[in-house]
Every structure is written in C-alpha cells, then in structure tokens.
Amino acid sequence: MGLEIRPVPILSDNYAWLLRDPASQALAIVDPAELAPVLAAIEQAEAIGGRLSLILLTHHHADHIDAAEAVRERTGAAIVGAGADLGRLPRLDRAVAEGDAVALGDSIAQVIETPGHTRGHISYFFAATPAVFCGDTLFSLGCGRLLEGSPAEMFESMRRLASLPPETLVCCGHEYTEANARFAVAALSSNPAIAERAAEVAALRRAGKPTVPVRLELEQETNPFLLAPDLSEFTRLRSWKDRFR
Ligand SMILES: [Zn+2]
C-alpha cells in the first residue's frame with residue numbers, strides 16, 4: 001500500500017510534505033521550514049492516529065530546514081539528511097547517502113543523490129507508492145537554479161529522476177509551476193501538451209490549489225528540462241530561464 005501524501009504550504013511559495021504510512025500509521029514531514037503550519041498539519045494527522053517519526057531534509061537552505069529542530073523538540077522525531085552536508089544541516093539523527101534505505105513504517109525510501117542546486121542535495125524515492133520528494137531539483141515544468149553545482153551535475157540529477165517509473169508522483173519544494181509554465185510555453189511553442197498543462201495550472205492556481213504532486217509522465221511530456229536531449233541544450237535552457245521574465 002502506498003503512502004498518503006499531503007502538501008503543506010509554508011512561507012511564501014514552499015511546500016513541506018506530510019506523509020503517512022497507512023499500515024503502521026507512521027508519519028513523516030519533508031522540509032519543515034515554518035513551525036506553525038507544519039505543527040498544525042502534524043497535529044491534525046496525529047489526531048486521526050499515528051505519530052511523527054521522521055523529519056526528512058532534502059538540502060541545507062533555510063526555506064527547507066528552519067523549523068526542523070523545533071519540530072524534533074516537540075515531537076521526538078528523528079532528523080534525516082545528507083551526510084555530505086553535515087555542518088550545514090541541523091544535527092542529524094541519521095546521515096544518509098546514495099542508495100541508503102530509510103524506513104517509514106512499512107514504506108521504504110531510497111536515497112538518490114541529486115546535486116546541482118546544492119552540492120549535497122538528496123531526493124527520497126518511495127518505490128511502492130511511487131513518489132519522489134525532490135526538493136529544489138525537479139520542479140513541475142522546471143528545475144532548480146544552479147547555486148552550487150554545474151549544468152552537467154544538474155543534467156545528470158534530472159536524468160536520474162526522469163528514469164523513475166512514469167506513474168511516480170513528483171513532490172517538489174516550491175509552487176513555481178505557473179511561472180515555469182510561462183517559460184515552458186516559450187521554450188516548447190510547438191508542443192501541444194504544454195498549452196494544456198499551462199491552462200490546467202492556471203485554473204488550479206485561480207482556485208487556490210497546489211499544482212503538485214504531478215505524475216512524472218506528464219513532466220516527461222511538458223518539462224523543457226526533461227525534454228532537453230543533451231547537456232548543451234539543457235545548459236542553454238537553464239541560462240535562458242535565469243534571464244527569462
Ligand atoms: Zn534551495
């Protein structure tokens with residue numbers, strides 16, 4: 001049985017993600033960076049059963065980690081993050097690296113190293129759901145900025161994520177989809193699927209709803225960075241997007 005997944009809107013445009021393993025009722029929160037909304041979501045989830053056991057961090061930026069320590073203090077949950085970023089993350093109860101397994105009750109996440117946005121960025125892939133928590137690497141219709149890594153590293157990270165099963169739910173760290181759609185329409189003007197997705201995204205946002213999670217197969221049809229056939233095209237798109245308004 002797959003995870004139950006809920007985006008928790010925090011800060012201006014971030015998502016923390018609340019996960020429940022239905023068999024054990026174990027709960028996890030991904031990237032809790034603002035205490036009040038995250039605690040409210042946890043309390044609401046615990047009210048129908050289960051306890052928070054894991055705090056999963058994708059990377060060291062403040063808008064992903066800021067409330068992690070406070071959530072641990074209040075719940076006793078363990079903080080999991082990249083061993084490569086010890087010193088830039090809150091104190092880790094478990095440091096992980098490529099290929100490690102992290103268990104939330106009966107649900108197992110595989111750690112995938114996805115550098116590019118930051119050097120130590122990791123993603124958590126729950127194969128049985130399937131769902132991937134990919135922080136600021138793959139966004140709906142976009143990809144993270146290259147703040148610490150090279151285009152080649154990000155291109156490889158995107159290829160890793162693109163190779164997951166097509167039904168995988170992409171659970172990313174920001175609600176950037178509407179702005180990303182404007183770029184995607186410009187970059188992929190002859191792609192009929194992008195116009196359809198852009199209209200869907202606009203309708204969701206007008207209704208105040210999140211545009212994620214989104215199935216990976218839709219991203220494979222509409223995300224310019226996943227459609228880039230090679231590194232030079234990926235690099236061209238990334239630098240164009242950096243200047244795109
Ligand atoms: Zn970030």
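Two strands count as paired when DSSP finds at least two bridges between them, and that idea opens our tour of this predicted model.

**Figure 1. The whole protein at a glance.** Welcome to the full chain, where you can look for nine helices and 14 strands. Along the principal axes, the C-alpha atoms fill a box of roughly 50 × 40 × 30 Å. The radius of gyration is 17 Å, which agrees with the value near 18 Å for a compact globule of 245 residues. Buried residues account for 47% of the 245. Of the contacts between residues at least 6 apart in sequence, 60% join residues at least 24 apart.

**Figure 2. An open sheet of six strands.** Follow the strands in the order β7-β8-β9-β10-β13-β14, and you will meet mixed pairing along the way. At the edges sit β7 (101-104) and β14 (214-215), each pairing on one side only. Strands of a sheet pair through backbone hydrogen bonds, either parallel or antiparallel.

**Figure 3. A closer look at β7 and β8.** Here β7 meets strand β8 (residues 107-113) in the antiparallel sense, over four bridges. To find your bearings, start at L104, whose bridge partner in β8 is S107.

**Figure 4. Where helices α4 and α9 meet.** Helix α4 (residues 151-162) packs against helix α9 (residues 231-243) at an angle of about 105°, with the axes 10 Å apart. Angles of 65 to 115 degrees count as roughly perpendicular, so α4 is roughly perpendicular to α9. On the α4 side, the contact is made by P151, A152 and F155, while α9 brings L231, F234, T235 and R238. By class, this contact has five nonpolar residues, one polar and one charged.

Definitions and conventions: Residues are numbered from 1 along each chain as its sequence is written. This is a predicted model: local features need pLDDT of at least 70, side-chain atom pairs count only at pLDDT 80 or more; totals for chains, interfaces and linings use all residues. Helices (H or I, at least four residues) and strands (E, at least two) are DSSP runs, numbered from the N terminus. Axes are lines fitted to C-alpha atoms, for helices over the stretch in contact, and angles run from 0 to 180 degrees between N-to-C directions. Angles under 35 degrees count as roughly parallel, over 145 as roughly antiparallel, 65 to 115 as roughly perpendicular and the rest as oblique. Two residues are in contact if their C-beta atoms, placed from the backbone, lie within 7 Å. Ala, Val, Leu, Ile, Met, Phe, Trp, Tyr, Cys and Pro count as nonpolar, Asp, Glu, Lys and Arg as charged, and the others, Gly among them, as polar. The radius of gyration is taken over C-alpha atoms; the globule rule is 2.2 Å times the number of residues to the power 0.38. A residue is buried if 20 or more other C-beta atoms lie within 10 Å of its own, exposed if 12 or fewer, and partly exposed in between; C-beta atoms are placed from the backbone.
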